[in-house]
Amino acid sequence: MNLIASNDNLSVSDYVDSTYLRELQLSRLQRIVRHTYDHVELFRSRMAERGVTPDDVRTLADLKLLPFTKKTDLRDTYPFGLFALPMSEIVRLHASSGTTGKPIVVAYNRHDLEVWMEVMKRSFACCGLCSSDLIQVAYGYGLFTGGLGAHYGAEALGATVVPASGGNSKRQVMLMRDFGVNAICCTPSYFLHLIEEGRNNGIDLRELPLRVGVFGAEPWTQGMRERIESGAGIQAFDIYGLSEIIGPGVAIECQEHNGLHIFEDHFYPEIIDPDTCEVLPDGEFGELVITTLDKFAMPMIRYRTRDLTRIISEPCACGRTIRRIDRIASRSDDMFIIRGVNVFPSQIESALLSVDGTEPHYNIILYTENGMDNIEVDVEINAALFSDQVKSMERLQARITAAIESLIGLRVKVKLVAPNVLQRSEGKAKRVIDRRVR
Ligand code: DLL
C-alpha cells in the first residue's frame, strides 16, 4: 500500500509558508480521512450516522463535519479495534495505563515512527540542541512513550543519547556529572528530585555542563519552572504530547518560552467548548482536539484530549510560522469541585510556590468532614524554616493559606511538613489524594 504520495515532504520546516502549510494540511487530511474510513469500522459507522463520506472534506473547515474520537473509544475497542493497518505492517506498540481499568494501546508503522522521530528531532532543535550535545533520557523506557520517543528523536538529531530511563536517581546524577551531559529529558517533578539527590550527594547541578531540560508528561506551573531553572542553572522547555496522538513531540516551547509550537503539519489542532463541543476561535480557552494528519497505523480523527489550552496564532519572535498552544495548565478531568467551587491542582501549585520558604513538593488531599468536602494541602518547607520558632511557622502557614484562598476563593487546611517527607515520583507525580466520602 503506497500511502505516502511521492511529493509529500515529511520534514516540513517550522518556518514554512502558511499558504503552503494549509494546502498540505488539507491534502493530508483528505488522505487520512479516506484511509481511516476504509479501515476503521467505528469511524465508518459514525460517519454513516452523520451522513458524511470522505468526499465531503473539501476544505479544512469541513473538519467540523467529522465525528470526535474519545478515550472511551480506545478502551471500548481494546486492544486493537482502532488499528487501520494489518499487524504485518505494524512495527511498534505502546500503551498508557491511565488511572482506571484497562490500558489504551497505540500502534505505529514504519512511517509513523519516522514522523515521530522527525517531530522529536524538531523539538530538540527548538530547545537549541544539536549533534554535539549529550542528551540524557530519564523518561521511562517501555510501554510509556516518553523514553523511546525522546531516544529516537535525539538520535535523529545526531546527538549522543544517554538512555538512562527513569529511576536510580543517584546514578542519574553521577552520569550527568561524569559524562558532562548537556540536556536531560524527564518529568519536571522527577527533575526536582534529581536536584535534591545531587545536593544530598554534594553535587550542585548548577556547576555541571547541563544547560537544557526537556520537561513534560505532566502539568507544571511557571513557579515550578523558576524553582527548576534556579536550582539547576538550566533553561527548562515544556514539551507536550500524548500516546493517542504519537507520544512526546506534539508541541514544544522555543527559546521564547511563550507557548508551545505545535507541529501542525502532522497534528491539526482545534479548540472546543468541552460542554457544547462548539469549535472556538484561536485565542479562546477550551479543550484541545487533535487530528493526526500523517499517521497510518492508528490515525486519530478529532481526538478529544481533555487538555485545556488555547491556540496562539500571533507570530512568534523566533520566526517559526507554525502556531502555538498555551501551556497546558490542567486536564478537564483533573478539576475537582469543592463546596461548589471548581479547583484545578495547578492553581494550588501556583499559589504555594508564590510564597517564599515553600519547597515544590506538595500533596493535595480531598476529605469529607461533617458531611462537607474540604481540601488539605501538605507542603514541604525549607529546612531552615522548619527548625525555626513556632511563631514563624505559623506565619508561613497563614501566608500560604491566604495565597491559596485569594486564588481559588476557598479556605483550605495547610499542613507544613519537614523536607524530604513527601513521596517523590520517578515519572508522573500523583499529587491529589481523594478521600472524599461519596
Ligand atoms: O505523557 C507523553 C509525553 C512523554 C509527553 C514525555 C511529554 C513528555 P501519556 O502518558 O499518554 O503521554 O499522557 C498524556 O499527559 O494528555 C496531558 O494531560 C499530560 N501532559 C503531557 N505533556 C504535558 C505537558 C505522555 N507538557 C497526558 N504539560 C496529556 C501538561 C502534559 N500536561
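# Exercises on a predicted model

In this predicted model, Asn182 touches Ser132, Asp133, Leu134, Pro209, Leu210, Arg211 and Val212, when residues up to four places away in sequence are not counted. The exercises begin with this residue and then turn to helices and backbone angles.

## Exercise 1: a residue in a loop

Find where Asn182 lies, decide whether Asn182 is buried or exposed, and name the residue whose backbone nitrogen lies 2.8 Å from a polar atom of its side chain.

**Solution.** Step one is to place the residue in the chain: Asn182 belongs to the loop that runs between helix H6 (169–179) and strand S5 (183–186). Step two is to compare its relative accessibility with the cut-off, which for a buried residue is under 20%; Asn182 has 12% and therefore counts as buried. Step three is to look at the side chain, where a polar atom of Asn182 lies 2.8 Å from the backbone nitrogen of Leu134, and Leu134 is also among the residues that Asn182 touches.

## Exercise 2: a residue in a helix

Carry out the corresponding steps for Ser346, asking in which helix Ser346 lies, whether Ser346 is buried or exposed, and which backbone oxygen lies 3.2 Å from a polar atom of its side chain.

**Solution.** Ser346 is found in helix H9, which covers residues 345–353. Its relative accessible area is 14%, so Ser346 is buried. The backbone oxygen in question is that of Ala329, at 3.2 Å from a polar atom of the Ser346 side chain. When residues up to four places away in sequence are set aside, Ser346 touches Thr221, Ala329 and Ser330.

## Exercise 3: two pairs of packed helices

Work out how helix H4 is oriented relative to helix H5 and how helix H1 is oriented relative to helix H2, and then describe the residues in each contact.

**Solution.** For the H4 and H5 pair, begin with the geometry: H4 (residues 110–126) and H5 (residues 145–157) pack at an angle of about 75°, and their axes are 7 Å apart. Since angles of 65 to 115 degrees count as roughly perpendicular, H4 and H5 are roughly perpendicular to each other. The contact residues of H4 are Trp116, Met117, Met120, Lys121 and Phe124, and they meet Thr145, Gly149, Ala150, Tyr152, Gly153, Ala154, Ala156 and Leu157 of H5. Sorted by class, the residues of this contact are 9 nonpolar, 3 polar and 1 charged.

For the H1 and H2 pair, the axes of H1 (residues 18–39) and H2 (residues 41–50) come within 6 Å and cross at roughly 105°. That angle makes H1 roughly perpendicular to H2. In this contact Val33, Thr36, Tyr37, Asp38 and His39 of H1 meet Glu41, Phe43, Arg44 and Met47 of H2, and the classes are 4 nonpolar, 2 polar and 3 charged.

H1 also contains Leu24, which is buried at a relative accessible area of 7%. Although Leu24 and Asp265 are 241 residues apart in sequence, their C-alpha atoms are 7.2 Å apart in space.

## Exercise 4: an enclosed helix

Determine how many residues of helix H7 are buried, what covers them, and which residue with a positive phi follows the helix.

**Solution.** First take the dimensions: H7 (residues 188–200) has 13 residues and reaches 19 Å from its first C-alpha to its last, which is close to the 18 Å expected at 1.5 Å a residue. Next count the buried positions: 11 of the 13 residues are buried, so H7 is largely enclosed by the rest of the structure. The cover over these residues includes H6, S5, strand S6 (212–216), helix H8 (222–232) and strand S19 (358–369). Finally, the residue that follows H7 is Gly202, with a positive phi near 70°.

## Exercise 5: backbone angles

Identify the residues joined by a cis peptide bond with omega of about -5°, and find where Ser165 and Arg306 lie.

**Solution.** The cis bond joins Tyr78 and Pro79, and Pro79 lies in the loop between helix H3 (71–76) and strand S1 (90–96). Ser165, which is not a glycine, has a positive phi of about 60° and sits in the loop between strand S4 (160–162) and H6. Arg306, likewise a residue other than glycine, has a positive phi near 75°, but Arg306 lies in strand S13 (residues 303–309), where it is partly exposed with a relative accessible area of 28%.

Technical notes
Residues are numbered from 1 along each chain as its sequence is written. This is a predicted model: local features need pLDDT of at least 70, side-chain atom pairs count only at pLDDT 80 or more; totals for chains, interfaces and linings use all residues. Side-chain values use heavy atoms; hydrogens and water are left out. Helices (H or I, at least four residues) and strands (E, at least two) are DSSP runs, numbered from the N terminus. Buried means under 20% relative accessible area, exposed over 50%, partly exposed in between (1.4 Å probe, protein chains only). A polar contact is a pair of N or O atoms within 3.5 Å; within protein, one must be able to donate a hydrogen and the other to accept it, and residues adjacent in sequence count only if both atoms are side-chain atoms. Contact means heavy atoms within 4.5 Å. Axes are lines fitted to C-alpha atoms, for helices over the stretch in contact, and angles run from 0 to 180 degrees between N-to-C directions. Angles under 35 degrees count as roughly parallel, over 145 as roughly antiparallel, 65 to 115 as roughly perpendicular and the rest as oblique. Ala, Val, Leu, Ile, Met, Phe, Trp, Tyr, Cys and Pro count as nonpolar, Asp, Glu, Lys and Arg as charged, and the others, Gly among them, as polar. The expected span of a helix is 1.5 Å times one less than its number of residues.
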